[in-house]
Amino acid sequence: MAAARARLLRGVANGGGDCSRVSGLSGLSGLVAPAACRGLGGAAARARLSSACRSSSSSSSSSVSPQRRSVGTSRSFSGTAASRAAKLTTDSYPGLTRDSRFSKLTPGHVAYFKQLLGQDSAVIDGINADAAADIEPFNEDWMHKYKGQCRLVLKPGSTEDVSKILRYCNENMLAVVPQGGNTGLVGGSIPVFDEIVIGMGRMNTIHSFDDVSGSLVLDAGCILEVADQHVAQQGYVFPLDLGAKGSCHVGGNVSTNAGGLRLLRYGSLHGSVLGVEAVLPDGTVMDDMCTLRKNNTGYDLKQLFIGAEGTLGIVTKLVVQCAQRSPAVNVALFGVESYQKAQTAFREAKLQLSEILSAFELMDGTSQRLVHQVRGGTRPLEGDHPFYCLVETSGSNGEHDYEKLEKFLEHVMSNEVVADGVVAQDATQIKTLWSWREGITECIGHFGGTYKYDVSIPLPDMYLIVHDVKARLSEAGLVGDTDDHPVVDVVGYGHMGDSNLHLNIAVRRYDKEVETALEPYVYEWIEKRRGSISAEHGLGLAKKNYVGYSRNETMIGLMRQIKTLFDPNGIMNPYKYI
Ligand SMILES: Cc1cc2nc3c(=O)[nH]c(=O)nc-3n(C[C@H](O)[C@H](O)[C@H](O)COP(=O)(O)OP(=O)(O)OC[C@H]3O[C@@H](n4cnc5c(N)ncnc54)[C@H](O)[C@@H]3O)c2cc1C
């Protein structure tokens with residue numbers, strides 16, 4: 001009987017109670033934290049972690065003192081094997097041609113920017129000198145899939161700087177690429193040719209936080225984790241969380257409309273972003289910094305910047321509605337025998353945990369085997385299960401929440417929906433369990449690269465695509481254990497609570513034969529099920545040619561008109577999006 005195999009520990013974070021066994025189930029002595037990712041850290045680390053958010057001296061309603069603000073990068077990530085050099089995007093995609101309307105950078109242009117930005121460190125000048133090594137991190141993406149030929153990086157320190165830069169670029173037909181933490185997974189933050197990179201890392205001030213309403217006013221270049229830790233001190237939570245939290249910027253998050261791990265609880269950024277300040281390509285500052293939740297005064301223009309991926313302008317400031325941080329958090333991880341049973345478990349979780357359910361994540365057995373293979377350590381559950389689910393509850397009453405979770409787990413185990421499971425005992429174990437989910441993106445890239453498809457599919461069919469893609473690649477002889485085969489394995493995981501699957505193909509190298517087998521096959525598959533080819537990562541360069549699989553001609557036409565209205569010269573992040 002399944003229940004007899006269950007190993008559950010009671011756990012309520014933040015002092016929520018003693019460890020005790022769930023009635024009728026045998027106990028487990030605790031989780032063993034896995035060793036750190038082997039071979040991924042140290043010199044291989046590519047993440048550029050900006051300095052902590054600066055404190056603003058401006059008068060504000062915030063009651064947070066700078067001293068109380070902590071700087072956290074605990075969940076910053078290291079890149080995959082750094083020895084791999086990405087191919088130039090223009091070599092990988094020879095069909096791309098430089099738009100001849102754009103000017104080539106001259107020493108005269110650079111002199112203007114140097115005079116404008118003042119300090120040397122705000123301009124990386126590859127026009128007058130060889131600055132290839134300094135520019136390299138801005139020219140290559142996290143997956144080592146895209147590589148640009150940018151020779152000038154500008155780091156504005158204020159909205160006024162951004163405005164002057166864009167006005168000048170627009171007048172001189174210089175193309176630009178806004179860049180936040182450069183953790184994007186669709187090549188949106190990387191130039192294709194010689195576009196200027198505008199790095200937002202210096203604009204990292206937290207301006208104010210209203211601890212009554214929960215509205216946070218901050219610069220676009222603030223690191224997500226720093227913003228979250230800032231509001232945590234007031235008992236609030238930033239309404240977005242994702243694995244790249246220690247490096248990505250809130251401006252990048254908004255520009256990609258990132259979804260992340262707790263969209264199930266806090267909803268999309270379209271709901272929690274209350275205000276946006278953005279600079280348009282001609283230098284106009286669009287100030288829509290409303291701090292209120294209700295504002296129906298005409299068209300809601302800020303929404304256009306949420307998910308625009310730097311194609312309409314540069315987001316410089318934000319107002320974000322933060323939620324009350326839950327004092328009691330529980331996390332359980334369990335193994336299930338089939339995708340069908342994972343769906344049943346999700347249904348039961350919604351039914352029984354309702355308002356305290358804050359995340360429901362799905363991981364297939366292959367993803368967990370690969371994470372284990374790459375970083376070692378002790379797995380939370382014994383043996384291999386075809387699927388794993390991570391359930392998180394967050395609420396205000398630890399005892400009450402735990403009772404609900406206990407009842408839910410007893411139910412799914414006694415009904416043999418769940419084969420085996422553990423519940424984290426304390427905050428450290430919560431982090432450990434989450435690491436088996438959050439570590440997937442990084443670990444599967446370890447073998448050489450990843451073809452990533454971030455898609456929404458109606459739940460009944462969601463995992464089917466992983467089987468179909470694996471069968472297709474296997475039939476083509478592309479999957480195998482040796483170097484002759486480009487594909488290591490096909491993996492499916494993601495935010496089950498949002499019908500959002502990450503279909504990832506772990507490869508030893510990026511290979512046109514693999515890409516041709518995958519595209520447009522994957523997009524056609526999704527179109528047939530009326531899914532979305534871009535659930536949360538955006539379009540970037542990766543999906544530019546495939547928008548038609550999820551949007552009709554009328555909508556694409558309207559998008560093009562909006563782009564032309566905001567950016568008639570097309571200088572903002574060219575060659576991408578639509
Ligand atoms: C380990 C890992 C886990 C991830 N998990 C998730 C996840 O769960 N959910 C999810 O949605 N994504 C996830 N991502 C993808 C990525 O982290 C998000 O897309 C994130 O929002 C990108 O933020 P960034 O600051 O790194 O933006 P960048 O990568 O620098 O830029 C992304 C896009 O936004 C534009 N941009 C950046 N800043 C601005 C600005 N200020 N104004 C205008 N345009 C701008 C860029 O031009 C580019 O098109 C993950 C990535 C990694 C590496």
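Helices (H or I, at least four residues) and strands (E, at least two) are taken here as DSSP runs, numbered from the N terminus. Counted that way, the protein chain holds 19 helices and 19 strands. The model is a predicted one, with a mean pLDDT of 87 for the protein chain and 85% of its residues at 70 or more. The weak spot is residues 1-83, where pLDDT stays under 50. Even so, the model has 190 contacts beyond four places in sequence for that stretch.

As for the chain overall, 53% of its 578 residues are buried. Take the contacts between residues at least 6 apart in sequence, and 76% of them turn out to join residues at least 24 apart.

Next comes the ligand. It is surrounded by 39 residues, and the closest of these are glycines: Gly 180, Gly 184, Gly 188, Gly 251 and Gly 252. Sorted by character, the shell around the ligand has 22 polar residues, 14 nonpolar and three charged. Glycine is put with the polar residues in this split. Four elements each put at least two residues into the shell, namely strand E4 (176-179), helix H7 (250-256), strand E11 (314-321) and helix H15 (440-444). H7 has the largest share, with five residues. Seen by domain, at least three shell residues come from domain 1 (96-199), and at least three from domain 2 (206-324).

Strand E11 also leads to another part of the picture, since E7 and E11 run antiparallel and are joined by five bridges. Within this pairing, Leu 216 stands opposite Val 320 of E11. E7 has a further antiparallel partner in strand E6 (residues 205-209), to which three bridges join it. Leu 216 turns up here as well, as the bridge partner of Phe 209. E6 and E7 form a hairpin with five residues between the strands, and in this hairpin Gly 214 takes a positive phi near 85°.

How buried is E7 itself? Five of the five residues of this strand (residues 215-219) are buried, so E7 is largely enclosed by the rest of the structure. The cut-off behind that statement is 20 or more other C-beta atoms within 10 Å of a residue's own. Both faces of the strand meet it: Ser 215, Val 217 and Asp 219 point one way, Leu 216 and Leu 218 point the other way, and all are buried.

Technical notes:
Residues numbered from 1 in each chain as written. Predicted model: local features only at pLDDT ≥ 70, side-chain atom pairs only at ≥ 80, totals over all residues. Near = placed C-beta within 6 Å. Domains from an automatic or database assignment. Buried ≥ 20, exposed ≤ 12 C-beta atoms within 10 Å, placed from the backbone. Contact = placed C-beta atoms within 7 Å. pLDDT = per-residue confidence, 0-100. Pairing = 2+ DSSP bridges.
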